[in-house]
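Dear colleague,

I am handing over the structure that follows, together with an account of what was found in it. Please read the account with the coordinates open beside it.

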Amino acid sequence: MSCAAPKVPAGEEKKTSWPEVVGKSIEEAKEIILKDMPDADIDVLPAGSAMTLDFRTNRVRIIVDTIATTPSIG
C-alpha cells in the first residue's frame, strides 16, 4: 500500500485537520472529511484507545468521547 501524499492542484494547500467537525455526528464528520479528501481511510476510535504509531497520509482518525444518550438497561 502506498503512503504517497494525494495530489493537490497548484496553489492549494493540502488539508491535514478538520476542526470544523468538532461537535458534529460521526457521519457528518466523515462526509465533510471525504469531500476534502476522497481517498481518506477514516478510523473512528474511542478516546483513550490504543493506536498504531505508523504515519499514513491517507488515514484520518476521528476520536470520540461523548455519550449521546442516557445509558439504560435493556
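Helices (H or I, at least four residues) and strands (E, at least two) are taken here as DSSP runs, numbered from the N terminus. The model is a predicted one, in which local features need pLDDT of at least 70 and side-chain atom pairs count only at pLDDT 80 or more, whereas totals for chains, interfaces and linings use all residues. Residues are numbered from 1 along each chain as its sequence is written, and side-chain values use heavy atoms, with hydrogens and water left out.

The protein has 1 helix and 2 strands, which run α-β-β from the N terminus on. Of its 74 residues, 19% count as buried (under 20% relative accessible area, with exposed meaning over 50% and partly exposed in between, for a 1.4 Å probe and protein chains only).

The largest nonpolar core (buried Ala, Val, Leu, Ile, Met, Phe, Trp, Tyr and Cys residues joined through side-chain atoms within 4.5 Å) comprises 9 residues, namely Trp18, Val21, Ala29, Ile33, Met37, Ala40, Ile42, Val60 and Ile62. To this core α1 and β2 each supply at least two residues. Leaving aside residues up to four places away in sequence, Ala40 touches Ile33, Leu34, Asn58 and Val60, where contact means heavy atoms within 4.5 Å.

Two charged side chains deserve a separate note. Arg56 lies in the loop between β1 (41–46) and β2 (59–64), and counts as buried because its relative accessible area is 18%; its side chain makes a polar contact with that of Asp41 at 2.6 Å (a pair of N or O atoms within 3.5 Å, of which, within protein, one must be able to donate a hydrogen and the other to accept it, residues adjacent in sequence counting only if both atoms are side-chain atoms). Glu20, in the segment before α1, is partly exposed, with a relative accessible area of 35%, and a polar contact of 2.7 Å joins its side chain to that of Lys15.

Here charged means Asp, Glu, Lys and Arg, while Ala, Val, Leu, Ile, Met, Phe, Trp, Tyr, Cys and Pro count as nonpolar and the others, Gly among them, as polar.

Glu20 also touches Ile32 and Asp36, among others, and its C-alpha atom is separated by 9.9 Å from that of Ile33, 13 residues apart along the chain.

With kind regards
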